[in-house]
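User: Could you walk me through how to read cysteines and domain contacts in a model like this one?

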Amino acid sequence: MTNKNNSDKPGSLDAWLDYIEGLNPTKMELGLSRVQKVISRLSLDSLKQALKIEIAGTNGKGSTAALVSSALSFSGISTGLYTSPHLLKFNERIMIDGTPVSDELLCEAFSLVYDNSKDVPLTYFEFTTLAGFVCFDRAKVKVAVMEIGLGGRLDAVNALDSDISVITSIGLDHTHILGDTLEKIAEEKAGIIKDNSVVVVGRMKPEPLYRISQICKERNASLHVEGVDFSGVFDTKFRYVQKGSSIVTSFEYPKPRIPEICAPVALKVIHLLLEKGYKISGSAIVKAITEVSLPGRMQCVHHSPSIYLDVAHNPPAAEHLRDVLNKKTKLAKRRAVIGMLKDKDIESVLKILKDSFDNFYVSSLPTERGEKAQRLYNALIADGVDKDLVKSYSTVEESLNDCLADAEINDEIYVIGSFVTVTEAVKALKTTNIGN
């Protein structure tokens, strides 16, 4: 790592982002000791007093975090939200009361992390996570809602002790790091569970749920399980149902903008906060449910033809997308613009989605981790998709533009496979009338 001294210390936000990009954003070096050492030097006294919610899971954690934090912010409770990665601007990762942090605060945070880590070789994610902690501390947030980046036990976010730990889902992803069974992955994600804390988990298979329940018992943590202690019912509206010691209560809400599978867990966290005395208003909850979504999570950015952006990149997310499409009325053709990272289970994802679309526009991705279009093309052909229905491109912009040229007014276009794919598509759309 480059030696740090004040003479070469970055100044502007662009210079800071260039610097942290030099820390190798693709490097994953899990462990808490480096982050904890820097935290001890930063004196984050205000953040230490805030209620902290950490949200892990194979899928759905970002949307769950967004709904919880928005209900708090809309109620006038100062709240920080930390998610990753960003789509267009780094500031999107760190939100204070629903607004991305300013360039000035971000630069101040980067500078403080830099000054306090001169002998600590931080990774990109560790450096940026610590900057998020500083921003929350300086803003004196009352609640910090933080998405776990990878796994849980050794993720940088987990260097802070949480009051409420959330595990939205367990699926096979990052198996080379987290383990090759659902039980092993559950154990890694359950590493965010602290002694005497509160734990909320979404629907999952019995094996990972059993392992999480064991860890809760070991740490004297109270466990709330979707499908047992609470649930969500979706038809024309969204009904949240909660089971108490002797009664069952039901709350009716509009259908959420976030993916439906995330809403029950988010509502459970909100109701736990209400029980803790946080004054979250009913109108704020409704506003969060009806207005809040994260960019790139089944986000509709255009009509006629409809264009959806979804970062689905692993088999569980692909299964959810397939199920959503199966339930949705199909008016005309469905077209998929797909680009994926080479370390993902590309063949399994495409096998799940092969019957969900009429045409496929597969693209290479520009980053070091980006896979070439040829692998996606080969996987679809091997799964029996007619080669005339699959087109291959060197960039997402080319694939999206060709897809738009082919599309009729009632068609649906889904841009899927990676945050990188969605980001490249957003940039491409900004050059057209659609992006204006």
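User: Which cysteine sulfur is closest to the sulfur of Cys216, and how far away is that sulfur?

Analyst: Keep in mind that this is a predicted model. The general idea goes like this: a disulfide is a covalent bond joining the sulfur atoms of two cysteines. Here, the closest cysteine sulfur to that of Cys216 sits in Cys262, 20 Å away, so the gap is too far for a bond. Cys216 is also buried, at 2% relative accessible area.

User: And how far is the sulfur of Cys107 from the closest cysteine sulfur?

Analyst: That one is 9.8 Å, to Cys135, again too far for a bond. Cys107 counts as buried too, with 15% relative accessibility.

User: How many disulfides does a search of the whole structure find?

Analyst: Zero, across the whole structure.

User: OK, on to domains. Where are they, and how is the protein divided?

Analyst: Domain 1 covers 13-291 and domain 2 covers 299-431. Their contact draws 13 residues from domain 1 and 15 from domain 2. Over C-alpha atoms, the domain centres lie 28 Å apart.

User: How much area do domain 1 and domain 2 bury between them?

Analyst: About 1,200 Å², with 64% of it on carbon and sulfur atoms. By class, the domain 1 side touching domain 2 has six nonpolar residues, six polar and one charged.

User: How many salt bridges and polar contacts turn up across that interface?

Analyst: For salt bridges, the rule finds zero between domain 1 and domain 2. For polar contacts, two residue pairs qualify across the interface, both at pLDDT 80 or more.

Notes:
Residues are numbered from 1 along each chain as its sequence is written. This is a predicted model: local features need pLDDT of at least 70, side-chain atom pairs count only at pLDDT 80 or more; totals for chains, interfaces and linings use all residues. Side-chain values use heavy atoms; hydrogens and water are left out. Domain bounds come from an automatic or database domain assignment. Contact means heavy atoms within 4.5 Å. Buried area is the accessible area (1.4 Å probe) that two parts lose on being put together, summed over both. A salt bridge is a side-chain nitrogen of Lys or Arg within 4 Å of a carboxyl oxygen of Asp or Glu. A polar contact is a pair of N or O atoms within 3.5 Å; within protein, one must be able to donate a hydrogen and the other to accept it, and residues adjacent in sequence count only if both atoms are side-chain atoms. Ala, Val, Leu, Ile, Met, Phe, Trp, Tyr, Cys and Pro count as nonpolar, Asp, Glu, Lys and Arg as charged, and the others, Gly among them, as polar. A disulfide is a pair of cysteine sulfur atoms within 2.5 Å. Buried means under 20% relative accessible area, exposed over 50%, partly exposed in between (1.4 Å probe, protein chains only).
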